[in-house]
Amino acid sequence: MSDDTYKPRLSQRCSFCGKPHDQVKRLFSGHDSFICNECVTLCGDLLQSAPEHEPSEELTNLPRPADIKNFLDQYVIGQESAKRTVSVAVYNHYKRINYRMQQSARGRLTSQTDDVELEKSNILLLGPTGTGKTLIARSLAKYLKVPFTIADATVLTEAGYVGEDVENILVRLFQAANFNPYKTERGIIYIDELDKIARKDGNPSITRDVSGEGVQQGLLKILEGTVANIPPKGGRKHPEQAFVQIDTTNILFICGGAFDGLDKIVARRQGSKVVGFETDKHLVDHRSVDIFDHVMPADLIAYGLIPELVGRVPVNAPLRQLDEEALLSILTEPKNALTKQYAKMLELEDVKLSFEPEALKAAVKIAGERNTGARALRSIFEKAMLEILYDIPSHPEVAEVIVTAETITEGKPPRRITQAEKKAG
């Protein structure tokens, strides 16, 4: 279209917004249609915020379940059963996407020609805090090179109430995908603290439950698959703003929660004895997270999740409480091990950092007493390493630092070896 085609008439109006020619600055004509300068500007803004679809690398090079687990092994210690379950579920999820793309490209994705429908398999991670639920989800996204975001279920509210809308989860994933709808629709969303929005009991509520059942209802559609209109910059929706359509059918949702008390529900269903009460049944310690291996959908419903939500998260992967051996391995073996991270930071100062075995054992013992899993290890080391990280940059003569057990348990300074002492030998 060119300016030469601009011939204002009383009957001419924009074919998009409907404004007549005398209410806009310019009106350009095409074949039996018109567009005003305001709509041209709006289209330009939409093109910038919603770039063209582009090929997705992660879908054409899908790793096998064994490859996915081997990658998780580099970051997550233990939890062998959970890692296997998640690896298979993730592989099947993206294999399903590949299959649908191939069928669509061949023009055969119809109900008449494809009588088998591969359903979406979202994942539920059950286990105590600090066992690696978030780390598993984050590591998966890193390996598959897909956008990833974390949402806290406790801050979500039902649409229309003060708080964060459920659909704002999609906004954050859209932003993590660099505002690319195509990549967004193949991303991973981790919803943490799902157990905190459970109903107080398994019975349906007759009153409004803004922070619990209402949020679960809001999650249903995006978990199963729907086309959501989201504001690109987040916030509440209003009629005059532009929206981006995101199809959640291929987004993988991983939900996690500690589900404190679920073990008692499972034990009661199995007729097992809860420790502290007498019965002629066999003894089962309800505090043992191994009992999560026997969780059934009915148990989750009794805990307070609505049946529809349980049905949309069919893959359950229980995680076990970490013992002292696992905690010790977490400190030294993964690529992101705390000891390796601190050693690298001091290496950048040309200082060698080492930890005495007794120091690591002391940290593991303290973490076990706090009963918060691997999270306790970071807080312990942050406190122990604070003075070292503060002081070392001011002392270029230091060549080596050795963290002792007293550094961990009593806060004593670590041993330092200067450049002169090291040369003297």
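Entry 1, aromatic rings. Rings of Phe, Tyr and Trp, the last by its six-membered ring, count as a pair if their centres lie within 6.5 Å. I applied this rule to the structure, which I keep in mind is a predicted model, and the count came to six aromatic pairs.

I looked up Phe259 and Tyr303, whose ring centres are 5.3 Å apart and whose planes stand at 55°, so I noted the pair as tilted. I then checked where the two residues sit: Phe259 is in the loop between strand 10 (252-257) and helix 9 (262-270), while Tyr303 belongs to helix 10 (residues 297-303), so that the pair links parts of the chain 44 residues apart. Both Phe259 and Tyr303 are buried.

Next I turned to Tyr342 and Phe381, where the ring centres are 6.4 Å apart and the planes are at 25°; since planes under 30 degrees apart count as stacked, I wrote this pair down as stacked. Tyr342 lies in helix 13 (residues 338-347) and Phe381 in helix 15 (residues 374-391), with their positions 39 residues apart in the chain. I found both Tyr342 and Phe381 to be buried. I also noted that Phe71, Tyr75 and Tyr143 form one aromatic cluster.

Entry 2, helix 12. I asked myself which residues of helix 12 are buried. They are Ala326, Leu327, Ser329, Ile330 and Leu331, and what covers them includes helix 13, helix 14 and helix 15.

I followed the packing against helix 14 further: helix 12 (residues 324-332) and helix 14 (residues 357-370) meet at an angle of about 125°, with their axes 9 Å apart. The two helices are therefore oblique to each other, and their crossing is right-handed. On the helix 12 side the contact is made by Glu324, Leu327, Leu328, Leu331 and Thr332, and on the helix 14 side by Leu360, Lys361, Val364, Lys365, Ala367 and Gly368. Sorted by class, this contact has six nonpolar, two polar and three charged residues.

Entry 3, Leu194. I located Leu194 in the loop between strand 7 (188-192) and helix 8 (213-224), and I wanted to know whether to call Leu194 buried or exposed. Its relative accessibility is 2%, and because buried means under 20%, Leu194 counts as buried.

I then listed what Leu194 touches, leaving out residues up to four places away in sequence, and found Leu124, Ala153, Leu219, Cys255, Gly256, Gly257, Leu305 and Leu309. For one of these, Leu305, I looked up the separation from Leu194: the two are 111 residues apart in sequence and 8.9 Å apart in space, C-alpha to C-alpha.

Notes
Residues numbered from 1 in each chain as written. Predicted model: local features only at pLDDT ≥ 70, side-chain atom pairs only at ≥ 80, totals over all residues. Heavy atoms only, no water. Axes fitted to C-alpha atoms, helices over the stretch in contact; angles between N-to-C directions. Helix = DSSP H or I, 4+ residues; strand = E, 2+ residues; numbered from the N terminus. Parallel < 35°, antiparallel > 145°, perpendicular 65-115°, else oblique. Left-handed = near helix turned anticlockwise from the far one by under 90°. Contact = heavy atoms within 4.5 Å. Nonpolar A, V, L, I, M, F, W, Y, C, P; charged D, E, K, R; others polar. Phe/Tyr/Trp six-rings, centres within 6.5 Å; stacked < 30°, edge-to-face > 60°. Buried < 20%, exposed > 50% of the residue type's maximum accessible area, 1.4 Å probe, protein only.
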